[in-house]
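The following note is offered to a colleague beginning to read structures of this kind. Please keep the sequence and the model in view while going through the numbered points.

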Amino acid sequence: MESSTEDLQKHVRTYLMVGATLFVFTIVTVLVRTVPFFDFGVPGVDAPDIAFGLVIATFKSSLVMLIFMHLNHERGLIYKVLVFTVAFAISLMGLTLFAQGNPIRPHADVIEHLHVSDVTAADVESKAPGAKAEPAKH
Amino acid sequence: MEIPYTVSARRDTGLFNSKVGIWLFLASEVMLFGGLFSGYVFLRAGVRPGVDLPWPDAVYVHGPFIWLGFLNTLVLIASSVFVVLAWAQLKMRRYGMYQFYMSLVLVCAAGFMVVKTIEYNSKLNHHFGARLSDGTLLDGALVADDSHHCPGDYVTFEADKAVFSLARTGIFRKLDPYFLDFAVLKGGEEMVVNAPGGKQLKGVAELSAWLEEYAAQNPREARVTAGFAKPVTFQFRRKDVFGKRVFPDRVPLFRGNELQGKLIDDTVEIEVHTVDLQMVRDEEKSLAWAYLGEGYKAGYEGHKKEKLNDPLHRRFLEKGGTLPGGQLRIWQHPHPAGEHGGEKAAAGGHGEASAAHGSSDGHGGHGAPVVSIKGSDIHFMGAHGPKFGTYYAIYFTMTALHGLHVVGGALVLAYFLFFGRKLYRKNPEHLANRVEVGGLFWHFVDLVWIFLFPIMYLM
């Protein structure tokens, strides 16, 4: 990357701003997981929390790649290399998903006795009288 | 020989060669870490609720270490900014400022590794878990005395006979009753072995010499049994017992050796921080309550109700949502219902709640109860190392590999900092290119951590 001193000084400001943005989004990720008020979906870890965490991580990594690693103005050869890399990495993840589609299941007896079932509002009413859920207001 | 295109770009690629090289290397690194992330997904998604050892809620597992992980994330981000600033300073031909920023990068790398060491030390030496025979999972810490000795980690055994293996194994291929070296003989008693043939052997040295002689005379024998002149009481670290399993009448040791006699004490003292009942058929009959007492059982039930009454939970359930049952079966930092402190963890039918190594009220230093668990009730136990479950295995694999990358990257950048002056004087652009390439690797290390932190510490 050929740049004049003035250009480089502008870049330095950009780097500092990106660094600050990365700091802020790291704090947001931690808040979502540690402060119940910011939690998505079911309190505790669940799919929306995981999705949110991964979206933020992807955003942060994009900033690092585009700005710090200069992928926003790189030569064509690098992009060609990365396209192949991304394609293979996605295929690798795909193999894992194939395996998930054909899991090894435990014996039916084991499932019957050990499976920890999920809890609904009806379960709360029947199993925990002191924790009756109020009827939903429409 | 001059390596071509290290400073100026090749006409066909438009890039200097080392930049092409580092990107190809980074592509291979993406596949390496991609495979491991894929393995993480496979292991995590493959956990069958109620059947497999539950995937720990990382927030519970790490507790205060979330903040160390958070600190490390900030440190790595800062180092990424510093490395790109160091490169920019070189491009502007400000060598002094380059040195300043590069020094900060190295300080950040050292800080990252120090925090990592603290975390690993805590997991490997202080945090501990035991899965009981009914599936109850108790997490916490082994109780240590003032000298960091963990009496609860020892097995006491009174032996009247020993079986010595005559198989030559190990690097030195010696027939050494090696286990006697690390077994502590209680009460300072002298060990006298009645060898077959009526000979009396005093101490490990005489015994070793006799074993060598016996093996030479009896090459077809695999083991020899010898009695002690009078019963000897040994104490073993549990890790020195083969399979960590002791029996009422024998202690199997490594390499085929065995002690026979009477088990005196096989209890493990744990300061309980978390009770996880995801793998228990009937929560009410969990072994946890036999050790912790009814007060804690009531506390657990109350805590569960409290969770279900939480406005966020209730709103979610009323809208037709379902709560993962497993989450309700995890109870952190239990206290007896309505009696915080002051009550001993009640003695149960299986073990005896001990106050010996905690505070006098039967609680550990953090207000957590201390229980003595019988070895026969323990299905599996250990520190939170890679062996303690798939989460810990993948956690240590990925974070350790990442840590090695941090060390490797820091060494390269340190070389540019401490030995770059000569090259800078000769051709500053060449050093700038080197720093750019080293910096690209450093940013990649940061990228990996950006994903590792949330998936290992927060999810």
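**Note on the two chains and their helices**

1. In this predicted model, helix α1(A) meets helix α3(B) through two sets of residues. From α1(A) come A:L8, A:H11, A:V12, A:Y15, A:L16, A:G19, A:L22, A:F23, A:T26, A:V30 and A:T34. From α3(B) come B:I66, B:F70, B:T73, B:L74, B:I77, B:A78, B:V81, B:V84, B:L85, B:A88 and B:K91. Sorted by class, this contact between α1(A) and α3(B) holds 16 nonpolar, 5 polar and 1 charged residues.

2. The geometry of this pair deserves attention. Helix α1 of chain A covers residues 5-34, and helix α3 of chain B covers residues 65-91. Their axes lie 10 Å apart, and the packing angle is about 170°. An angle over 145 degrees counts as roughly antiparallel, so α1(A) is roughly antiparallel to α3(B).

3. The whole contact between the chains should be considered next. Chain A gives 61 residues to the contact and chain B gives 67. On the side of chain A that touches chain B, the elements giving two or more residues are α1, α2 (47-68), α3 (76-100), α4 (108-114) and α5 (121-127). The largest share of that side, 14 residues, belongs to α1(A). By class, the side of chain A that touches chain B consists of 37 nonpolar, 18 polar and 6 charged residues.

4. The two chains may be described in turn. Chain A contains 5 helices and 0 strands, and its elements follow the order α-α-α-α-α from the N terminus. Of the 138 residues in chain A, 19% are buried. Chain B has 13 helices and 14 strands, and 40% of its 459 residues are buried.

5. Contacts between residues at least 6 apart in sequence give a further description of each chain. In chain A, 40% of such contacts join residues at least 24 apart. In chain B, the share of such contacts joining residues at least 24 apart is 73%.

6. Helix α4 of chain B (residues 95-125) has 31 residues. From its first C-alpha to its last it reaches 45 Å, close to the 45 Å expected at 1.5 Å a residue. Its buried residues are B:Y98, B:Y101, B:M102, B:V105, B:C108, B:A109, B:F112 and B:K123. Which elements do the buried residues of α4(B) pack against? The partners, which belong to chain B, are α3, β1 (127-132), β14 (378-383) and α11 (390-419).

7. Helix α6 of chain B (residues 203-217) has 15 residues, for which a span of 21 Å is expected at 1.5 Å a residue; the end C-alpha atoms are 22 Å apart, which agrees. B:L207, B:W210 and B:L211 are the buried residues of α6(B). These residues cover an arc of only 110° around the axis and are therefore on the same side of α6(B). An α-helix has 3.6 residues a turn, so residues three or four places apart point the same way. The other side of α6(B) carries the exposed residues B:A205, B:A209, B:E213 and B:A216. The cover over the buried residues of α6(B) includes β3 (154-165), β5 (192-194) and β6 (200-202) of chain B.

8. A final point concerns B:I455, which lies in helix α13 (residues 428-458) of chain B. Is B:I455 buried or exposed? B:I455 is buried, because 20 other C-beta atoms lie within 10 Å. Its C-alpha atom is separated by 9.1 Å from that of B:Y40, although the two residues are 415 residues apart along the chain.

How values were computed: Residues are numbered from 1 along each chain as its sequence is written. Chains are lettered from A and ligands numbered from 1 in the order in which they are written. This is a predicted model: local features need pLDDT of at least 70, side-chain atom pairs count only at pLDDT 80 or more; totals for chains, interfaces and linings use all residues. Axes are lines fitted to C-alpha atoms, for helices over the stretch in contact, and angles run from 0 to 180 degrees between N-to-C directions. Helices (H or I, at least four residues) and strands (E, at least two) are DSSP runs, numbered from the N terminus. Angles under 35 degrees count as roughly parallel, over 145 as roughly antiparallel, 65 to 115 as roughly perpendicular and the rest as oblique. Two residues are in contact if their C-beta atoms, placed from the backbone, lie within 7 Å. Ala, Val, Leu, Ile, Met, Phe, Trp, Tyr, Cys and Pro count as nonpolar, Asp, Glu, Lys and Arg as charged, and the others, Gly among them, as polar. The expected span of a helix is 1.5 Å times one less than its number of residues. A residue is buried if 20 or more other C-beta atoms lie within 10 Å of its own, exposed if 12 or fewer, and partly exposed in between; C-beta atoms are placed from the backbone. The arc is that of the directions from the helix axis to the C-beta atoms.
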